[in-house]
Each structure stands twice: as structure tokens, then as C-alpha cells.
Amino acid sequence: MTELYQKPLSPSSLLDLLCCPETVNIVLPSKTNRVISKKSCDDKPDDTPKPGLGSLYTRWGRTSCPPNSSLVYDGVVGGQHFTHTGGGSNLLCLPNDPIWANYTTEVEKCGYIHGSEYELGHYPTNKLFSFANAKSLHDHNVPCGVCLTRQPAVVMMLPARTKCYPGWTAEYSGYLMASLHAEKGRLEYVCVDYASEADPAGYRDENGAVLYFVQAACGSLPCPPYVDGQELTCVVCSKY
């Protein structure tokens with residue numbers, strides 16, 4: 001025989017029983033009934049992670065993604081040649097399996113996209129990268145990977161730091177790189193991974209969109225906290 005409860009219950013207790021019914025009979029006073037009718041089981045707080053798409057970011061210099069992210073695709077860095085004044089100024093992570101549509105086999109007037117190389121010839125002894133994934137980087141082609149965070153997130157590239165601010169999660173850290181200041185072509189500042197990889201097939205000095213370290217230049221840039229001539233770091237941060 002089931003037990004009969006005559007004592008009125010609080011609205012929260014009643015909601016718990018209704019959402020998780022037991023083998024009991026509940027006598028509800030009419031006044032309490034009116035309260036329950038205004039609230040459903042779906043109104044209970046749910047702290048479980050919500051499904052949804054994450055955020056995309058490019059990991060420059062690596063073909064894999066950090067633990068918090070999954071790899072969408074890997075490829076090689078492409079951009080405009082350092083001697084060209086036209087074309088795009090941004091860098092692209094080009095996939096290794098392009099698909100062509102209609103095309104010609106002749107070279108017309110057009111924009112070009114070249115591969116990219118690490119330009120580290122001015123650093124023969126000062127090895128700033130870890131070289132954990134490559135014995136040499138100078139004149140090697142630069143790989144890349146496009147990553148998707150496993151949860152919805154806001155992603156930013158934070159320059160001049162190796163650690164994120166409180167409340168943010170570090171995806172990877174490295175050095176700011178861009179084109180040489182005196183070159184005709186300009187490239188965006190990108191955060192190249194501290195433990196960069198080198199494309200084993202791209203070791204020849206073929207130039208293209210070449211990447212240099214970025215140093216602080218005092219003047220309009222306040223020094224301190226910045227130091228003239230020091231290479232700037234960077235970190236890619238996510239907020240989940």
C-alpha cells in the first residue's frame with residue numbers, strides 16, 4: 001500500500017517530486033496547485049555543458065591542435081611574395097588537398113599566393129624557438145593547422161605575453177612574426193607556436209611570404225614596460 005502525504009509541501013519540494021516521481025500519492029492543497037501550474041520541470045537549473053559549435057583559430061607553425069581543441073585540417077601557410085606591393089596582406093592556412101573548379105593553364109594578370117618560410121638567418125646563435133619538433137627552421141616552409149574548440153568559446157590572440165589573463169585558457173604560446181619592416185609587401189602579425197614544426201619537403205630557400213621575429217621599437221611605444229630590440233611573445237587565449 002502506498003503512503004499518503006497530507007502535509008503541504010513547499011513548491012520546490014513538490015517540483016522535485018513531480019520531475020522525479022516516486023511510488024507515492026501526493027495530496028496537493030489547491031493554493032499550492034496554483035503555484036506548481038506556473039512552473040514546469042524544464043525550469044530546473046541545468047549545469048551540464050551545453051552542446052554547440054566551438055570557435056575557430058589557426059595554429060601557425062603546427063599541424064596539430066591543443067587538448068582543448070580538435071583539428072579541422074592542416075596545411076601550409078600562404079601569402080603574398082615579400083617583393084610584391086599588391087595582393088592580399090593576410091596569411092592563409094592552405095589545405096594540402098585543394099579542389100579546383102574551372103581553370104586555365106596560362107599565366108594571366110592576376111593575384112598570386114606563395115608559400116611561406118621562416119626567416120631566421122639573423123639569429124645564428126640565439127635560438128628563440130624550442131626546436132622540439134624541428135632541428136632547423138630557417139628557410140623551411142611554415143605549416144599550420146586550423147583548430148576548433150571543443151566547447152563554445154571566445155578566442156583572442158594576446159600579443160606581448162606568454163600567459164593569458166585570469167579567466168582565460170591558453171591554447172598555445174609563441175612569438176609574434178610578420179614581414180621585414182623594409183620589405184614592400186606587408187603581412188599581418190601572427191602568433192607562431194613556440195614549438196614550431198618545419199615542412200620536411202620545404203627546406204630550400206625559395207622565399208615567398210617570409211616571416212621574421214617582431215621586436216619592440218621604443219618611442220611612441222612606451223619603454224618601459226617594453227624594451228627596445230626585444231622580441232615580442234604572444235599567446236592564443238580562449239574563454240569558455
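Is Arg 59 buried or exposed? In this predicted model, Arg 59 turns out to be buried, with a relative accessible area of 9%. That residue is a handy way into the structure, but a quick look at the whole chain helps to set the scene.

The chain has two helices and twelve strands. Read from start to end, the order goes β-α-β-α-β-β-β-β-β-β-β-β-β-β. Of the 240 residues in the chain, 34% are buried. The accessible surface of the chain comes to about 15300 Å², and 55% of that is supplied by carbon and sulfur atoms. Contacts reach far along the sequence too: among those between residues at least 6 apart, 71% join residues at least 24 apart.

Back to Arg 59 and its charged company. The count of salt bridges comes to three. In one of them, the side chain of Arg 59 meets that of Asp 193, with N and O 2.9 Å apart. Asp 193 sits in strand 10 (residues 190-193) and Arg 59 in strand 3 (residues 56-60), so this pair ties together parts of the chain that are 134 residues apart in sequence. Asp 193 counts as buried as well, at 3% relative accessibility.

Asp 193 also forms a salt bridge with Arg 62, where the closest N and O atoms are 3.4 Å apart. Here the partner of strand 10 is a loop: Arg 62 lies between strand 3 and strand 4 (69-79), so the pair ties together parts 131 residues apart in sequence. Both Asp 193 and Arg 62 are buried.

Arg 62 has a further partner in Glu 197, with the closest N and O atoms of that salt bridge 3.1 Å apart. This pair links two loops, as Glu 197 belongs to the one between strand 10 and strand 11 (209-213) and Arg 62 to the one between strand 3 and strand 4, 135 residues apart. Glu 197 is buried, and Arg 62 is too. Through shared partners, the salt bridges join Arg 59, Arg 62, Asp 193 and Glu 197 into one network.

Next come the cysteines. The count of disulfides comes to five, and three of them are described here, starting with Cys 93 and Cys 144, whose sulfur atoms are 2.1 Å apart. The torsion about this S-S bond is about 95°, so the disulfide is right-handed. Cys 93 comes from strand 5 (residues 92-95) and Cys 144 from strand 7 (residues 143-149), which makes this a link between distant parts of the chain, 51 residues apart. Cys 93 is buried at 9% relative accessibility, and Cys 144 is buried at 0%.

Cys 164 and Cys 237 form another disulfide, with 2.1 Å between their sulfur atoms. This link is left-handed, with -100° about the S-S bond. The pair again connects distant parts of the chain: Cys 164 is in the loop between strand 8 (154-159) and strand 9 (169-178), while Cys 237 is in strand 12 (residues 233-239), 73 residues away. Both of these cysteines, Cys 164 and Cys 237, are buried.

Strand 12, the home of Cys 237, is worth a closer look. The strand is mostly covered, with six of its seven residues buried. Strand 8 runs antiparallel to strand 12, and six bridges join the two. Across this pairing, Met 156 stands opposite Cys 237. Strand 9 is also antiparallel to strand 12 and is joined to it by six bridges. In that pairing, Tyr 172 stands opposite Val 236 of strand 12. Cys 164, the disulfide partner of Cys 237, belongs to the loop that runs between strand 8 and strand 9. Strand 12 therefore pairs with the strands on either side of that loop, as the bridges to strand 8 and to strand 9 show, and also carries the cysteine bonded to the loop.The disulfide of Cys 218 and Cys 223 has its sulfur atoms 1.9 Å apart. The torsion about this bond is about -100°, so the disulfide is left-handed. Cys 218 is partly exposed, with a relative accessible area of 35%, and Cys 223 is partly exposed at 32%.

Technical notes
Residues are numbered from 1 along each chain as its sequence is written. This is a predicted model: local features need pLDDT of at least 70, side-chain atom pairs count only at pLDDT 80 or more; totals for chains, interfaces and linings use all residues. Side-chain values use heavy atoms; hydrogens and water are left out. A salt bridge is a side-chain nitrogen of Lys or Arg within 4 Å of a carboxyl oxygen of Asp or Glu. Helices (H or I, at least four residues) and strands (E, at least two) are DSSP runs, numbered from the N terminus. Buried means under 20% relative accessible area, exposed over 50%, partly exposed in between (1.4 Å probe, protein chains only). A disulfide is a pair of cysteine sulfur atoms within 2.5 Å. Two strands pair if DSSP finds at least two bridges between them. Contact means heavy atoms within 4.5 Å. Accessible areas come from the Shrake-Rupley method with a 1.4 Å probe; for residues, only the protein chains shown count as cover.
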